[in-house]
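Work through the exercises below with the sequence and the model in view. Each task is followed by its solution.

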Amino acid sequence: MARPGVLVTCRIPTSVVERLEAACDVEVFAGPDAMPPGELKARLEGKQALLCLLTDRITADVLDAGRDLRIVANIAVGFDNIDLDAARARGVVVSNTPDVLTQATADLTWGLILAATRRIPEGERLLRRGGWSGWALDFLLGSDLRDKQLGIVGLGRIGAAVASRAAAFGMRVAYATLDEAAAGPSAADPAWARLGLDELLSSSDVVSLHVPLTPSTRHLIDRRAILRMKRRAYLINTSRGPVVDEEALAWALRERLLAGAALDVFEEEPRVHPGLLELENVVLAPHLGSATVETRTAMADLAARNVLAVLSGGPPLTPVRA
Ligand code: GLV
């Protein structure tokens, strides 16, 4: 019997290729950049499975090109790059990679909280350009975290993991969930305060976003939301770029309506709003949330196991249910 064909749109660890090759014919796109959509469609011909990245847009058009596809395994927890309705209509299963990246993303979020509130990248830039003339009592002062409130928007796995680290920094936790059905309250520590979004925004010293990108979370943080926040507050985004209106954020940071922000995700990656690039009070990271060797290997491996499960007639380990 012919072995099923699998297309992988990026380089993945050898151990994961070997896992797939034990049962399938594997074609890996090894280009340095994202696979061009035309090439993706052409290479899908005759493939039963696709392992792809959040930078690959899996539209109805792409799914039509993969007429034999049985599964699209996203190597990401987010899946806003995939047209789920089109996949469902064509009987194609979609899976993602939850859990394995939760801790790495929560760690990165705390890295950004500390970088923004203690102005570390700003200090490094100043030092490298020879602008440091020595220790001074009032030099580059940031904000303490102790006894402040961390406001978590979206208490799924990653939001809860970020919240659970707050005690180490002496912060209180408040959270808002937008979707009653989300993992939220069951994941909550009784010491954390559940607030409505507006109240969370107006009472928190650091607001950290952990919602998926959906039509209702697009520009959740717009001018109106930002104006609710304290002028001494910080906004952290490690979720999806379009959850924040970058134009509004750049305006607020320029006008000092917020103390600072730290972003790991952007509206039109890899483009960053030019208004943000010129500001000192925003930390900009190139989508590094899950970027550790261990985590990225675990993500690719989970995606491969999802593929193998579906190709052998079972359900995926981590299906997207949306
Ligand atoms: C990263 O952003 C992911 O969704 O895994």
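**Exercise 1.** Find which atoms of glycine 78, arginine 240 and histidine 287 make polar contacts with the ligand.

Solution. A polar contact here is a pair of N or O atoms within 3.5 Å. Start with glycine 78: one of its backbone N or O atoms is 2.8 Å from a ligand oxygen. Next, a side-chain N or O atom of arginine 240 lies 2.7 Å from an oxygen atom of the ligand. Last, histidine 287 places a polar side-chain atom 2.7 Å from a ligand oxygen. The protein covers 89% of the 190 Å² of accessible area that the ligand has on its own (Shrake-Rupley method, 1.4 Å probe).

The model is predicted: local features need pLDDT of at least 70, side-chain atom pairs count only at pLDDT 80 or more, and totals for chains, interfaces and linings use all residues. Residues are numbered from 1 along each chain as its sequence is written, and side-chain values use heavy atoms, without hydrogens and water.

**Exercise 2.** Describe the salt bridge between aspartate 301 and arginine 305.

Solution. A salt bridge is a side-chain nitrogen of Lys or Arg within 4 Å of a carboxyl oxygen of Asp or Glu. For aspartate 301 and arginine 305 the N to O distance is 3.2 Å. Both residues lie in helix H13 (residues 293-311; a DSSP run of H or I, at least four residues), four residues apart, about one turn of the helix. Aspartate 301 counts as buried (under 20% relative accessible area) at 16%. Arginine 305, at 29%, is partly exposed (between buried and exposed, the latter being over 50%; 1.4 Å probe, protein chains only).

Terms used:
Polar contact = N/O pair within 3.5 Å; in protein donor to acceptor, adjacent residues only side chain to side chain. Helix = DSSP H or I, 4+ residues; strand = E, 2+ residues; numbered from the N terminus.
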